[in-house]
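Work through the exercises below with the model open. Try each task before you read its solution.

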Amino acid sequence: MENSGHQLRCTGCGRVSEQRELKADFRCPDCGDLYEVVYPSWSAGFAAAEEKKPNASALRWLWKERCSSNEEADQSGVWRFRELLHILRDEKNIVSLREGNTPLYPLRRTARSTGIAKLYAKHQGMNPTGSFKDTGMTAALSVAHELGYEWVACASTGNTSAAMAAYAARAGMRSLVLIPQGKIAWGKLSQAIDYGALTIQLRTDFDGCVRVLAEIVRRAPVYLLNSVNPYRLEGQKTPALEIAEALEWEVPDHVIVPGGNLANSSALGKAFLEMKHLGLTARLPKISVIQAEGANPLYRAMRENGGEALYPVEAHTRASAIRIGNPASWKKAVRVIRETGGWCEQASEAEIALAKAEIGEEGIGCEPASAVTLAGLKKLLCEGKVQSQETVVLLLTGHTLKDSDYTIAYHRGDLLRPDEVGALRAEMEMTRRNAVEMDASADLVLRELERAKER
Ligand code: F0G
């Protein structure tokens, strides 16, 4: 086989291509749609010999066994599952920061308050650069490294750029970051700079950065690491494998994911479909996607035309990671929602802020974009689309320290306008914990301690 054994299949017209035939923008030359990675020896849709298919119980055993190995690839929560992401010719080209292997936390308080029997958070913010992007980046950047590129590039709302810059630095490669000026959280900008990326703030929004980058990859030999790159999604499958493994290969009833450029929901959907196809699991979870109300093109598309056509919007939300009006992978996300029987919901600024504070109160925390999952869960419960006896997993995509300005503004009480807070005022007040300032006196501190006991 001239590559590692994988091929690329267009999700629009089904055209199958080899890696070397891919265009710099990863679009199909026939229909312009996006590719997915497929494995002729076992993927659905290929007439593969049954004996070539990996054996489910052998895989489960092997993946667990690798957790006690000292090999770099085994210590990565992505490459530990390498039988399902056979995208490299040579494992020596793996660029890893020991990503993945993130915790699946029970959310006990929130389970009680929402009445859900089993509620978990899969915390992808516990990755090396603090977001779920690391799992996709180790995969796609390793491919770039193997292909011999010197430069990699992405347009980003912040997390992709932080991850790309870190992995490029590890591989001794150069990275170009395009971000919308003034529209990403400082923590993320500081990471890209710290890891040595050429960081350019463009006077536009994320969608404008994507347009500029599309021209750059046509005109210069830089490797595109946005999520249109199908190898990113192969790495982003692994949290689904980890969830299934942690639940003894019983999949949850429902997985709830934030929606921005809509690649992550697609990657997780692909993973659950593949696991079922290989007999690793017996069924599929419903996968639901939650968008911010001000950046909700998929929500609108599902409402207005059942996901047949998506009309870009001008995006506005303080959850800056998902401030995206023209999501690249929307068709893939529609397919996953349909195939798994999930939903698409939206959450207001106040609902997101309250949900984030509640996740913080669990001692877990997350960035605002991740909190749309809890805000969405509450809505799905009200609408009867999630039942209280179900097992639900919220995918928390980013660490709370990514956007500390947001957290501080919330607790200070000046994050939202009064008209945005609306009916949630009382609930928000219950969660607010602003820092108290005082002179350096033990008496004053003890008085404050007494006051706090009464609250
Ligand atoms: N949550 C966080 C924290 C994100 O950073 C992103 C996307 C998403 C959710 C949405 O995931 O795009 O796969 O639907 N951030 C990208 C970036 C766009 O540039 O960091 P998606």
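**Exercise 1. The cores**

Task: Find the residues with the most contacts inside the largest nonpolar core.

Solution. Start with the term: a nonpolar core is a set of buried Ala, Val, Leu, Ile, Met, Phe, Trp, Tyr and Cys residues joined through side-chain atoms within 4.5 Å. Buried means under 20% relative accessible area, exposed means over 50%, and partly exposed lies in between (1.4 Å probe, protein chains only). The largest such core holds 82 residues. Trp79, Ile87, Leu141, Val152, Tyr231 and Leu280 have the most contacts inside it. Helix α5 (residues 159–171) gives the most to this core, seven residues. Helices (H or I, at least four residues) and strands (E, at least two) are DSSP runs, numbered from the N terminus. A second, separate core has 41 residues, including Leu119, Ile364, Leu415 and Met428.

Two notes on the source apply throughout. This is a predicted model, in which local features need pLDDT of at least 70 and side-chain atom pairs count only at pLDDT 80 or more, while totals for chains, interfaces and linings use all residues. Residues are numbered from 1 along each chain as its sequence is written, and side-chain values use heavy atoms, with hydrogens and water left out.

Now take one core residue. Contact means heavy atoms within 4.5 Å. Leaving out residues up to four places away in sequence, Leu280 touches Ala56, Leu59, Arg60, Trp63, Leu84, Trp249 and Met275.

**Exercise 2. The small sheet**

Task: Work out the strand order of the open three-stranded sheet, then check which residues stand opposite Arg9.

Solution. First, the rule: two strands pair if DSSP finds at least two bridges between them. The order is β2-β1-β3, and the pairing is antiparallel. β2 (16–17) and β3 are the edge strands, each pairing on one side only.

Next, count bridges. β1 (residues 7–10) is joined to β3 by four. Between β1 and β2 there are two.

Then read off partners. Arg9 faces Glu36 in β3 and Val16 in β2. Gln7 stands opposite Val38 in β3.

Now look at the faces. In a regular strand the side chains alternate between the two faces of the sheet. Gln7 and Arg9 lie on one side of β1, Leu8 and Cys10 on the other, and all are buried.

Finish at the turn. The β1–β2 hairpin has five residues between its strands, and Gly14 there has a positive phi near 85°.

**Exercise 3. Two loop residues**

Task: Decide whether Thr11 and Gln181 are buried, partly exposed or exposed.

Solution. Begin with Thr11, in the loop between β1 and β2. Its relative accessible area is 13%, so Thr11 is buried. Beyond four places in sequence, Thr11 contacts Asp33, Leu34, Tyr35, Glu36, Lys332 and Arg335. A polar contact is a pair of N or O atoms within 3.5 Å; within protein, one must be able to donate a hydrogen and the other to accept it, and residues adjacent in sequence count only if both atoms are side-chain atoms. A polar side-chain atom of Thr11 lies 2.7 Å from the backbone oxygen of Leu34.

Turn to Gln181, in the loop between β7 (174–180) and α6 (186–194). Gln181 has a relative accessible area of 39%, so Gln181 is partly exposed. Not counting residues up to four places away in sequence, Gln181 touches Gln201, Leu202, Arg203 and Thr204.

**Exercise 4. Two helices**

Task: List the buried residues of α12 and α15, and say what they pack against.

Solution. Take α12 (residues 330–340): Trp330, Lys332, Ala333, Val334, Val336, Ile337 and Thr340 are buried. Their packing partners are β3 (35–38), α8 (230–235), α10 (263–277), β11 (286–292), α11 (297–305) and β12 (344–347). Gly341 follows α12 with a positive phi near 80°.

Now α15 (residues 404–412): Tyr406, Ala409, Tyr410 and His411 are buried. They pack against α13 (349–361), α14 (368–382) and α17 (425–431). Just after α15, Gly413 has a positive phi of about 90°.

**Exercise 5. The ligand**

Task: Find the polar atoms of Asn159, Ala263 and Thr397 that approach the ligand.

Solution. An N or O atom in the Asn159 side chain is 2.8 Å from a ligand oxygen. For Ala263, a backbone N or O atom lies 3.2 Å from a ligand oxygen. The Thr397 side chain places an N or O atom 2.7 Å from a ligand nitrogen.
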